[in-house]
Amino acid sequence: MIEIKDKKDCCGCWACANVCPKQCIRMEEDEEGFRYPQIDMDVCIDCGLCEKVCPVIHTDDKDEPFQQEGWLVQHKDEKVRQESTSGGAFTAIASWVIRKGGVVFGAGYRKGTFVVVHQFVEREEDLDIFRNSKYVQSEMGDCYRQAKGFLDSGRLVLFSGTPCQIEGFLGFLRGKIYKNLVLQDTVCRGIPCPAILNSYITLQQQRIGGEFEKVLFRDKFYGYHYSSFSIYNREKDKDYHKGVDTNAYLRAFFSNLSDRPSCYDCKFKKRYRRSDITLWDCFPIEKFTKELDGKGTTRVLVHTKRGREVMQAAMSELKTVSVDPNKLTAGVREMFHSVPMNPKREQFYQDFRNMDAETFFNKWFPITWKVRLNSWVRLTCHRLGIYILAKRIFMMFYTRRDERK
C-alpha cells in the first residue's frame with residue numbers, strides 16, 4: 001500500500017484513489033490545505049495497485065530527445081482569445097474534439113462555487129469554464145475513472161492537466177494504449193494551495209461585498225502583458241482588478257510561498273513529454289514573429305503523431321506560425337526547473353493556521369508605498385502604450401547588473 005513519508009513525494013494527482021478496487025483511499029486535507037491519500041486499513045486488501053500507478057514512485061526523469069513540432073497560435077475568434085489566458089489554442093483543440101463526438105476534461109470551478117475541480121464537458125458552449133489559468137491545485141475526484149469509461153466506450157477524449165496530472169492518468173491506465181485519447185499538458189510553474197485561495201476569496205467577499213460572478217487569475221482587463229487577478233461582481237461598480245504587484249494571492253504564488261511541497265522538487269520538468277501536446281504562454285511575441293499581435297499567443301509543442309493530427313485539424317480556427325522547437329523552448333525556466341522554496345514558507349503556513357484572514361494577508365502582503373509606486377508605474381506605462389518597452393528595458397538593466405556581479 002502507498003505510504004507518504006515525505007510530502008514532497010506526493011503530487012496529489014489522485015491516481016491511487018481512482019485505481020483502488022475497494023475505494024478505501026480518500027484524499028484528505030493536511031494542515032496546510034493540500035490533499036494526501038489516507039487509507040482505510042479495515043477495507044484495504046493490500047493489492048499494491050496504488051503503488052503501481054503512482055507517477056512519483058515510477059517517475060522517469062530522463063529527457064530523451066525525439067522529433068517535435070513547434071507553433072505559435074492565436075484563435076481567430078477575438079472573444080475566445082480575450083477570455084483565454086494566452087492565445088486560445090486549447091479552445092480550438094477542444095472544439096474539434098467535441099465536434100468529433102468527443103469529451104473534454106479540464107480544470108474549472110465547481111458549479112456555484114469558486115472551488116477548482118477537474119470535470120468534463122460535451123458541448124462547445126461549455127468550454128468557457130476551462131478558459132483562463134487556474135493558479136490552484138484542482139480536485140481530481142473520480143475523473144480518471146470517468147475518462148476511462150468514455151475511452152472504453154469508444155468516445156474520443158481530450159484530457160488536459162498539469163504534467164503531474166497527466167502522468168497520474170497514464171499511471172492509472174497502467175500502460176493500456178487508447179487511440180481515441182488525446183493528452184494535453186500545460187507548462188506549470190507550481191500548484192498553489194486551495195485553502196489559501198478559499199481564504200482569500202472569502203476575505204475579498206467581506207471587503208468588497210456584493211455577489212461575485214467570476215474570479216479570474218490571469219485576466220486581460222489591462223491587456224495581455226499586464227494581466228490582473230479580477231473579480232467580477234453582480235454590482236459592476238464593485239469589480240476588482242489588481243496586478244501581480246498588489247494582489248495578495250498572486251504575490252504569494254510568485255513569491256514561491258504557497259506551492260505544494262512536491263512542486264519544489266517536481267519530477268516532471270522536462271521538454272520531451274508523454275503528452276501529445278504541451279501548451280503555454282508566449283512572452284514576448286516580437287522575439288519570434290511580426291505576423292501575430294501582442295494580445296495573447298500560445299506556444300504549442302507537439303510530441304506525437306496523434307498530436308500533429310489534432311493540431312492540423314484545429315488549425316482552421318487558428319492563426320499559426322511554425323517555430324523551431326529549440327527556439328520555442330529556449331530559456332523557458334518553468335519547463336525545466338522547479339521553483340525554489342521560499343525560506344519563509346514554514347512561517348507563512350504557521351501564520352495561515354493561527355491568524356484570521358485579514359491579519360494574515362495584511363502581514364504578509366502589506367500595501368506599502370513601494371508597492372503602490374510599483375503599481376502606479378506599471379499602470380502608467382500601460383496607459384501610455386509603453387509597457388512592453390519599459391519591461392524590456394527593465395529586464396535588460398537587471399540582466400546586465402547581474403552579469404557584472
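Student: What makes strand β3 and strand β12 (residues 298-302) a pair?

Tutor: DSSP must find at least two bridges between two strands for them to pair; β3 and β12 share five bridges in the antiparallel sense, so the criterion of at least two is met. Within this pairing, valine 73 stands opposite threonine 298 of β12. The strands themselves are DSSP runs (E, at least two residues), and helices are runs of H or I with at least four residues, numbered from the N terminus. The model is predicted: local features need pLDDT of at least 70 and side-chain atom pairs count only at pLDDT 80 or more, while totals for chains, interfaces and linings use all residues. Residues are numbered from 1 along each chain as its sequence is written, and side-chain values use heavy atoms, with hydrogens and water left out.

Student: How do you know that β3 also pairs with strand β13 (residues 318-322)?

Tutor: Five bridges join β3 to β13, and the two run antiparallel. In β13, lysine 319 is the bridge partner of glutamine 74.

Student: Why is strand β3 (residues 69-75) called mostly covered?

Tutor: A residue is buried under 20% relative accessible area, exposed over 50% and partly exposed in between, with a 1.4 Å probe and protein chains only. Six of the seven residues of β3 are buried.

Student: How do you know that the span of helix α7 (residues 194-208) agrees with its number of residues?

Tutor: The expected span is 1.5 Å times one less than the number of residues. For the 15 residues of α7 this gives 21 Å, and the end C-alpha atoms are 21 Å apart, so the two agree. Glycine 209, with a positive phi near 80°, follows α7.

Student: What makes a set of residues a nonpolar core, and which residues have the most contacts inside the largest one?

Tutor: Such a core is a set of buried Ala, Val, Leu, Ile, Met, Phe, Trp, Tyr and Cys residues joined through side-chain atoms within 4.5 Å. The largest has 41 residues, and Ile25, Phe105, Tyr144, Phe159, Phe169 and Leu181 have the most contacts inside it. Its largest share, six residues, comes from α6. A second, separate core of 35 residues includes Ile196 and Ile201; both are also among the buried residues of α7.

Student: Why should residues 397-403 be read with caution?

Tutor: pLDDT is the predictor's confidence in each residue, from 0 to 100. Over residues 397-403 it stays under 50, and the model has zero contacts (heavy atoms within 4.5 Å) there beyond four places in sequence. Where pLDDT is low, the predicted coordinates should not be read in detail. The mean pLDDT of the protein is 93.
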